[in-house]
Amino acid sequence: MTQTMRAVEITEPGGPEVLQLTTRPMPEATQGQVVIKVAYAGVNRPDALQRAGSYNPPPGASDLPGLEVSGEVVAIGAGVDSLSLGDSVCALVPGGGYAEYVAAPAAHCLPIPSGMNMKEAACLPETLFTVWSNVFTRGGLKAGERFLVHGGSSGIGTTAIQLANAFGARVFATAGSDEKCEACVKLGAEKAINYHDEDFVGLMRAEGGANLILDMVGGDYIPRNIKALADDGRLVQIAFLQGPVVKVNFAHVMMRRLTITGSTLRPQSDLAKARIAQDLREAVWPLLDAGRIAPVMDSEFALADAAAAHAHMESSKHIGKIVLNVAG
């Protein structure tokens with residue numbers, strides 16, 4: 001096996017142009033880890049935040065961007081008995097996905113779903129770990145509840161719509177164009193709101209309020225989300241595209257018994273992520289195997305074109321997931 005590999009590094013904090021192809025040493029599989037020969041890597045908003053200098057890797061993680069991959073297990077560390085050499089997997093990684101090889105905790109690897117190719121499988125881990133842990137574990141979504149997801153046409157949004165619909169919730173979404181709204185409805189949203197033309201607060205209040213809102217926008221959406229919630233509703237915050245600082249009247253939270261929570265995935269412990277992986281294997285992988293849910297694919301870029309992939313993501317013109325073809 002070669003001792004070096006191609007990878008994309010962040011040369012300095014900045015725009016997409018700071019992503020440059022480089023050569024790095026091969027990673028090694030330490031205790032509890034495997035090394036994956038990467039076929040595809042998913043492109044996600046946290047990658048762009050890291051590139052801009054506002055989302056540092058956790059201690060011990062690779063400084064290379066990339067939080068989800070698909071590929072083949074080519075090395076196995078001590079204490080790993082759940083995987084074998086040659087296994088095809090997709091994996092959540094704490095960094096390093098934009099490379100020909102990446103080390104991953106074995107407990108964060110999942111099998112490629114039946115009938116799914118490597119390109120599609122690379123889009124599963126970061127998105128599904130995020131949606132499952134925030135919508136179902138933290139948010140407690142149940143069948144029959146009214147669920148609103150902002151950014152419905154994003155990778156997170158398209159996944160959240162499908163999963164919530166599969167588990168019997170009434171799904172609503174916001175998006176920035178009629179085309180994106182149409183895509184949300186096709187995936188299972190009862191109503192998709194073009195936020196340029198309609199007020200989601202009024203619509204949700206007319207429906208009785210949202211029992212759960214998943215928000216990645218922040219900013220002035222936060223007080224509007226509070227107004228859009230039903231009594232005893234829950235708001236789960238997973239990102240702040242419009243900023244994290246806002247003025248909120250907490251009397252509404254207290255009087256209407258609302259819950260405001262949120263999380264980020266990357267800094268959580270390996271054990272916490274392993275538990276999410278096990279939940280996904282039991283509750284979500286059967287849906288993937290049966291073809292009841294699937295990633296929505298937008299576009300593919302070569303590893304060397306990671307800067308173009310980031311520019312496309314930040315244009316917000318995409319619907320669904322963007323991937324890097326690493327094996328190419």
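Which residue lies over the face of Tyr55, and at what distance from the ring centre? The residue is Arg266, and the distance is 5.6 Å. A caution before going on: this is a predicted model. There is another case of this kind, in which the charged end of Arg224 sits over the ring of Tyr221, 5.0 Å from the ring centre.

Now the sheet. Six strands make up an open sheet with parallel pairing, and their order is S10-S9-S8-S11-S12-S13. Why do S10 and S13 each have one side without a neighbour in the sheet? Strand S10, residues 191-194, and strand S13, residues 259-262, stand at the edges and have a single partner strand each, so one side of each is left free of a neighbour in the sheet. On average, neighbouring strands here are turned by 15° against each other, direction ignored.

Take the S10 edge. Its partner is strand S9, residues 170-175, and the two pair in the parallel sense over four bridges. In one of these, Phe172 has Lys191 in S10 as its bridge partner. Helix H5, residues 178-187, packs on the sheet and touches S9 and S10. The direction of H5 makes about 165° with that of S10. Helix H7, residues 221-228, also packs on the sheet, touching S11, S12 and S13. For H7, the angle is about 150° with the direction of S12.

Next, the interior. In soluble globular proteins, nonpolar side chains tend to be buried together. In this model the largest nonpolar core has 43 residues, and Phe147, Leu163, Leu214 and Leu280 have the most contacts inside it. Helix H3, residues 125-138, gives the largest share of this core, six residues. Leu214 touches, among others, Asn134, Val135, Phe147 and Val236. Another core, of 30 residues, lies apart from the 43-residue one and includes Val43, Val89, Val93 and Cys109.

Helix H3 deserves its own slide. Is H3 mostly covered or mostly uncovered? It is mostly covered, with 12 of its 14 residues buried. Among the buried ones are Trp132 and Phe136. These two are four residues apart in H3, which means about one helical turn separates them. A pair of aromatic rings is described by the distance of the centres and the angle of the planes. For Trp132 and Phe136 the values are 4.7 Å centre to centre and 20° between the planes, so the pair counts as stacked, the cut-off being under 30 degrees. Together with Phe167, Trp132 and Phe136 form one aromatic cluster. Just after H3, Gly140 takes a positive phi of about 65°.

Technical notes:
Residues are numbered from 1 along each chain as its sequence is written. This is a predicted model: local features need pLDDT of at least 70, side-chain atom pairs count only at pLDDT 80 or more; totals for chains, interfaces and linings use all residues. Side-chain values use heavy atoms; hydrogens and water are left out. Two strands pair if DSSP finds at least two bridges between them. Axes are lines fitted to C-alpha atoms, for helices over the stretch in contact, and angles run from 0 to 180 degrees between N-to-C directions. Contact means heavy atoms within 4.5 Å. A nonpolar core is a set of buried Ala, Val, Leu, Ile, Met, Phe, Trp, Tyr and Cys residues joined through side-chain atoms within 4.5 Å. Buried means under 20% relative accessible area, exposed over 50%, partly exposed in between (1.4 Å probe, protein chains only). Rings of Phe, Tyr and Trp (its six-membered ring) pair if their centres lie within 6.5 Å; planes under 30 degrees apart count as stacked, over 60 as edge-to-face and the rest as tilted. A charge sits over a ring if NZ of Lys or CZ of Arg is within 6 Å of the ring centre and within 35 degrees of the ring normal. Lists of a residue's contacts leave out its neighbours within four places in sequence.
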